[in-house]
Each structure stands twice: as C-alpha cells, then as structure tokens.
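Student: I should like to examine the reasons behind the labels given to this model. May we take them one at a time?

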Amino acid sequence: MTNMRFTFLHKNSLGRRILIKILLISTMITTILTLINLYIDHKQELNKINKSISSIESSSIPTITLALWRYDHVQIKSILNGLEKIPFVKKIIILEAEKKVFAKTLQETEKDRFLKQMNYPLIRKTKNSSQQIGELQLFISNKDAYLAPAKRLGVYFFSQGIKTLLISFFILLIFYQTIGRKLNTITLHLTQMQLDKLTPLDKSLWDNEKQESEIAILGTSINKFISEIITGKNIDLAKLQQSEQRLILAQKIAKIGSWSYNPKTQEVFWSDQMFKIFRHSAQNGAPSFEQHLLSIDPEYRSSWDKSFNHCIDTGESIQLVTKVMHPINNIWIEGTAKAKLDAKGNVCEVFGTCQDITNRVELEQQIAKKNEIENTANKIRKDFFKYKTEPQKLFDLILENFLLYTNSSFGLIGDILHDEDNNPSIKPYSLIDLTWDKQTKSLYQHPREDAFEFSILNNIFGEVVRTKEIKITHDFSNEKSSNETPKVHPPLDTFAGIPIIIDDKMTSIIAVANAKHYTQDLIESLSPLFIATADIVSLFKYEAEVQKSKEISLHSAKLASIGELAAGVGHEINNPLAIADGNINMIYKKLTQMSLLTTELDSFFLKYQAASKRISSIVNGLRIFARNNEVELCTINVTSKIIETVELIKIIYEKQAVSINLDLCQEDIFIRASEGQLQQVLMNLISNAKDAMNDKSKKEILISTLKINGMIQINITDTGTGISSQNIKKIFAPFFTTKGVGVGTGMGLGITNSLTQQMNGKITVKSKLGIGTTFTVTIPSEETKMHEDKDKKPLETTTVASLSGNILIVDDEEDLREILEFELSDLGLTIDEAENGVEALKKLNQKEYDLVITDFQMPKMGGLELIKQSKETLTVMPKFVICSGGVGSLSDADEVFLTEHSSGVIEKPFNFEKIQKLLASLL
C-alpha cells in the first residue's frame, strides 16, 4: 500500500512529470514578472523626476523670475525651501547677468555620471517684449532610477526563488490530496484485476492506457478545482465591485475624494473624485507632494505644510480648510488626514479625504459680505447725527465704501439740480480726490460747492440722469457718449451709474468706474448701501428745507420787527415834528400879525419848511415800508414812487460815494400793485447794486423807466463787478449769494423775484464781468387814471372862513393838543382836551361832542379802544378822526371796524390846510 501511495512520484510517473513542468513554468513566470516589475519601477522613478521637473518649469520658474525681477529675497528663499523637499534635487544656483546671486546645496552630490545639470533661462515677458534677467541651474541626481533596479533584481530572484519552492510544495500537497489518492486507488484496483494475467505486450498497452486515464482524471480534477476557485472568486469580486461603485457614487454626491501617501516611497494615490475636485486629468496621474503643495494658495500654504508634517511626525489626525489656486476659479477644500502606523509605531502611510466646499465657502462669504454691507449701511445712518453739520465728511465716507465694495478707482456721489429751463446738472456731494491737471487741481482746492458742477450732460453721466436707469458698460470706447466726457475727467474704462430715486424723482446719482468688472448682481448686493445713501440724501434735503424755513421765518420776523420799529420810529418822529411845525407856524402867524416878518426871516421859514418836508418824506417811506406785508392793491404813480424811494436813501448813499441818477419817463406812468411791495423791490435792487460796486472806484446807479407795449420797465444799472455766466442762473435761488459769510443771506433777490411775480411781472438780468449789471423789472401798466380812495379825495382849494362845533382833542402829547387848539380855535371851534382814552370817555359821557380828534397810540387807552367803548356806552356817537404819526398792528377785524367807524385820518406832522378842509367836510 505504501509503495502504491507514492507511485505518482516515481521517475516515470505522471505526478513527477507534472511537478517538473510546474516548477519550470513557475520559474519562467517569476522571471518575466520580476523583469516587468523592474521595468515599471524604473519608469515610475523616471516619471517622478519628469513630473517634478515639469512642475518646476510650470510653477517655480515664473515665480522665481518675478521674485528675481523684484529682488524679493523672502519669496526666493520660500521657493528654495519648497524645492528642497524634492529628493533628487541636489543643488540650486540662481544667476543674474551671469553673476551668482543665490546658491544652495541641498544634499551631498553624487558622482558625475549620476548628476544631471539642467539650465532654465529666467525671462521677464511683457506685452511688447521679453528680457532674460537671469538663469536657474538645477543639479539632479538620477542614481535611484538606475541603481535601485539592479539591487532589487537580486532581491527579487532570491525572494521569488523561495516563493517558487514554497508554491511548488503547496501545489504538490494539493495534487496529492485531490489527484494522487485517486490515482493510487485506480492503480491498485487494476493491478489486482489484470496485471498478473497480461503478456508483455498487454503490459505495454496497459501502461499507455494507465497514462491516459491518469491524464483524464487529472484534467477533470483540475477543471473542477479551478471551477470552484473561480466561482468563489467571482462571488467576492462582485461584492467588491458593488461596494466600490457605492463608494464612488457616495464620493461623487458629497464631492469627497480619498487619497493616500507613503512618506518613504513618496507614492501618492488619488481616487477618481480627487481628480475632479482639483480639476486634474487622471491620465497624468496623481501629482507629487511638492506639486500639490505649490498649488495651494500662498496665504494657506505654510499652515497646510506645517499641519501635514505634524501628522507625519506625530501620527496625529488633522482636519483643516485650505484654498487651492486654479486658473479659472479658486477651490476651497476641507481635508482630513490620518496616519497608519507599522509594527514599530512609525508612520508608514497617510490617508485621508478631501471635500470641495467651494459653494459652501462662497455662500458663507456672500452672507458675511451681505451682513457687512447691512452693518455698514446702518452705521452710515447713525453717522448722520455725528456728521449732521459736516455732510461732506459723511458723503466722503459713503463714497469710500462704494469704492471698496466695487473695487473701483473712481467714484462720484452727486446731487441733481435743475435750472429755470429744467436743464439738469450734477453737483457733487463727494468726488474722488484726483489731481487731473493744473486747472482742475486749483479748482479742487476751493470749497467743493464752488469747484465742480457738471452742467454739460450729453455724456454717460447724463444718460443715467435722463433714463433714470442703472447704466453698466465694460467697453467704454464704443459708448456713443464717451467722447463727451469733460476734458478734465480721468479716462474711464469701465463704468457703473446708479440713480437714487426718492418719491419717483431722481434726486442724486452714484457713479463708480475703472473696476475690473461690474455686474447686476454686484449692484443688487449693494442695495442696502444704496438705500442708506438715499435715506441720507433725504435727511440732508429735509434738514436743508427745515433750515430754509427757519431762515425765511427769521427773515420774516426781522422784517416784521423792522416794520414795527419803523412804525414806532415814525410815531416818535412825527409827534415832535408836528410840535415843531405847529410852533413854527404859530410864530410865523404872530410875526405876520405883528408885521415883524422880514424877508430874511421869511427865507429862514422856507428853509425850515423844506427840511420839515424832507423829514416827513422819510417818515412816510418808513410808514410804507412797515406795511410791506399788506397786499393792498392800488394805482401807483411809478415815477413818484421811484423819486420818493430815492429821496429816502439818497443822502445815506452819497455818504458812501454812491451816486443815484434818474432817467424817468416825462409822462406819468401807473401800475396796479401793492405800494409796499413795489418799494421793497426798488429798495432791494438798489441795495444790491450798491453792494456790487464795493470794490469799484466809480460807483454809479442809473434808474430809468420805459413804457413799451402796455408794459412798464424799470431798469436799475450799476457799474459793479458783474455776474459770471455760471452764477447768473442761480442768483434768484433762495440763499444763493456770492457775498462773504455774515455779509449776505441770499434772500434779497429771491424775495424780489417773488414780489415781482405777485405783481404779475417778471425780472430779468443782463451782466458783463468787470463792466456792470442791469436788472429789469417789467410790470403791466395801468392805463386808467389813478384811483381815488375815500380817504384820499382831492381837497378843495377854497378857504373855509369859519366853522362851528364842539371838538374833543385826545392826545398824550400836551404840546400837540395846544397846537391843534391854537389852530382850530381860529376857525371858530370850541375845543376840549383829554390826555388819553380813559379821560376822553369820561368827558364823552358828560357832554356831547360833534367831532373827536384822537391819537391812535396812547397810554391807558388808545384811539381804537376809545371808539369801541364809545360805541357801547354812548347814546349819540360823535364823528371820530384818527390822528397818527405811525402804523399800529391791527387785525383784519379791527381794520374793518376802524374803516366803518372813523371819518378820516390826520397825519403827523400836521398840514393845517388839509385839516381845515377835512373838518369843513365833516361839520
């Protein structure tokens, strides 16, 4: 049995022959695989060298060139540190103009036959030319590419020989267990049945048949064995492929790639998703460690390198976010790394994952930027109260934010103004401080409100103003309006103009220019800042309107105060003037009655009368000025009013070396207007003419009148400095003035224009710089003769011989009462006196009077209250005549009451001829 069990190992047995064949085939396969493996390793070493050289050529050479051009030592040292990590680079030399400027021996140099010197010219390229500024010399050792395979050949043969023997031994055991036992059983059975009976020829045939049976049985067994092995393998392979497909799909959905790195062999493995994440082609294989390091953004490169080396050195896991440079779009990566340790506790492999989080980072950046813009907008609103009195600083701050968020080099925030013809112009709230040329620089050093006002808007700025729509252009040279940009304006390459609309009205414009690119999304992202700017514009405009209203109210209050002062002054002047006139008249009468009036004395009285008349004229002008808010229309003799106004101010102007000349129509000309309004128009224009000649040696004002086609023209011409064409359109705007601070309010011409329009007229101006200015007021003429009011009826010139009646004179000035008593007693009238309304009311209750002459303003009770009290208490009302030297403040109801219950007015100083005729008409 023992002999039969190892029959297949006999020198002529099939088992021995099969074993020999297996050993031969295994040796051949091992040799071929070893040679193939050596060739692949050799090619991989060469590929590593070639890839690293390509990486140096594509990334390091341009960076070194730029650093050498800038002579940036820090950048060059950083590059050298990166190259130092490439194992085969032994020495680096950087030359500039054949002069060595940087050199570094990184490792011990090998023999010359294993060193390869590579020279790279460092060329600085521009649009029009290129220039070699230096040379990079690399000394590369390729020893590993040639010596390593020779060493590994012996190792492979030694290891593979042992492996072959072991494999053959295991195959022998398998054959023995699966085939040998069957062969032994078959041989034993046949031998027992026929072997002894066979002839020698039959034995030879038996031997052949036995061989064929062994081969058939062996083939069947091998096929079954292989079938079982393959079937089992297919099941495992299917599961493996299914898992791999699931892993690939999961990585694709999550944009997660896997990788591994062998620190010793520096072999790198990337999954398919890694190539997609980093936008690399899988055909070129995974990049080396050094190539990948150079692809990381310089801002993050140092921290990435430090963290990865920490993982290799300590075996600790790491997780970090980094930014990878890419020609089209940069990539944000979240990576993890975990170390695998060998039996000795050393890191033998590092593996991990990378996930593309670019969308997440960009979204986070957008949210952060949005929050930042909203915070900036809120801060601007709060800064309004900080810069409420310094709007220029706030608008400069707003413009700085627009320039920052749009990456622009030029910017403008401007107010939209319109002239009388509704032509728009842009007056900057804020303008980027650029020195364009000498002319513009000198303008820019002036206050901004005087420096720039773009009134020519047939350009790209005007297009935004006209269309009230956002304008974006990246090809400014093809813009039709680009040639119309102001000559002093800087060149524009790109442009974005945004209108600020408040209540459907374009109030201002924001323009930025010369950024790399503008988009609608960028404009929309800045909407909180635009809304805040619109709010600020509205607030400042509201503040301006409030301030304007305050100044108008203040001005009106001042005018009202001046009016009250004029009324008081008129009253206080007229009372003593009336006393003086009365006493002079009494002296004149006494001297005449005593025949003592000489020619010389008579001339003195005439001079006094002229002076008194002049004082009366001035006081009358003040009286009219005090009533300038009363729009009481009447027919006015323009010639008389001009003469009267000039007389009021002539002496004052002459003392300032200003002469006023008149060239008036020979015929009387009339208009229907308010007497006070006309006088204020004349006073404002004459005063404006005087101020325009302050710096002139020749100071002349000419007032002329014309009557043309039913219109009256009043021309006031000065010899002043004139008005520029830029300012002539603004002179009627409220608060516009070219005078210094504290000299003018900018209200005079605005009020003059408004008053002229109320009189159905208009005012125009012509001016020449250095020569003078003419203001022309045109008002419709009144063709009918002057209207005669009840209290202004022409008095008859007949002399009244005598009158009769009881007269009560009420005045707080005793001298005035005496004068009136003296004059009226001569007319045959019975006179009683009272010093105020209270005393007069008592006398009226005690005695009937035909006429009461009462002062308007008195202590205790004035004339108006006396009439009211008399109407309530007296059975028989006397006639009342008001005696006044000024104008009181009356309500509309009091005006009506006084008109209905008074019979006339006696003005101070007295004109006794008019008084006599008035009394004659009433008694």
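Student: How do you know that glutamine 266 is in a loop, and which strands flank it?

Tutor: Glutamine 266 is placed in the loop between strand E5 (256–261) and strand E6 (268–270). Helices (H or I, at least four residues) and strands (E, at least two) are DSSP runs, numbered from the N terminus. The model is a predicted one, in which local features need pLDDT of at least 70 and side-chain atom pairs count only at pLDDT 80 or more, while totals for chains, interfaces and linings use all residues. Residues are numbered from 1 along each chain as its sequence is written, and side-chain values use heavy atoms, with hydrogens and water left out.

Student: Is glutamine 266 buried or partly exposed, and why?

Tutor: Buried means under 20% relative accessible area, exposed means over 50%, and partly exposed lies in between (1.4 Å probe, protein chains only). Glutamine 266 is at 28%, and therefore counts as partly exposed.

Student: What makes the phi of glutamine 266 notable?

Tutor: Its sign: phi is near 60°, a positive value in a residue other than glycine. Most residues other than glycine have a negative phi.

Student: Which value does phi take in lysine 468, and where does this residue lie?

Tutor: Just after H13, lysine 468 has a positive phi of about 55°. Lysine 468 belongs to the loop between H13 and E12. Because its relative accessible area is 44%, lysine 468 is called partly exposed.

Student: Which residues of helix H13 are buried, and what do they pack against?

Tutor: In H13 (residues 460–467), Ile460, Phe461, Gly462, Val464 and Val465 are buried. The buried residues of H13 pack against strands E10 (410–418), E11 (424–431), E12 (471–473), E13 (495–502) and E14 (505–513).

Student: Why is glycine 352 called buried?

Tutor: Its relative accessible area is 10%, so glycine 352 is buried. Glycine 352 is found in strand E9 (residues 347–356).

Student: What is glycine 352 in contact with, beyond its neighbours within four places in sequence?

Tutor: Contact means heavy atoms within 4.5 Å. With those neighbours set aside, glycine 352 is in contact with Gly257, Ser258, Trp259, Thr336 and Ala337. The C-alpha atoms of glycine 352 and serine 258 are separated by 5.8 Å, although the two residues are 94 residues apart along the chain.

Student: Why does aspartate 305 count as buried, and which residues does it touch?

Tutor: Aspartate 305 is at 14% relative accessibility, and therefore counts as buried. Aspartate 305 is found in helix H8 (residues 298–314). Not counting residues up to four places away in sequence, aspartate 305 touches Lys85, Phe289 and Leu293.

Student: Why is proline 87 called partly exposed?

Tutor: Proline 87 is at 34% relative accessibility, so it counts as partly exposed. Proline 87 occupies the loop between helix H3 (73–84) and strand E1 (89–96). From C-alpha to C-alpha, proline 87 and serine 52 are 10.0 Å apart in space and 35 residues apart in sequence.

Student: How many helices and strands does the protein have, and what share of its residues count as buried?

Tutor: The secondary structure comes to 24 helices and 26 strands. Of the 923 residues, 39% count as buried. Among the contacts with a separation of 6 or more, 65% are accounted for by residues 24 or more positions apart.
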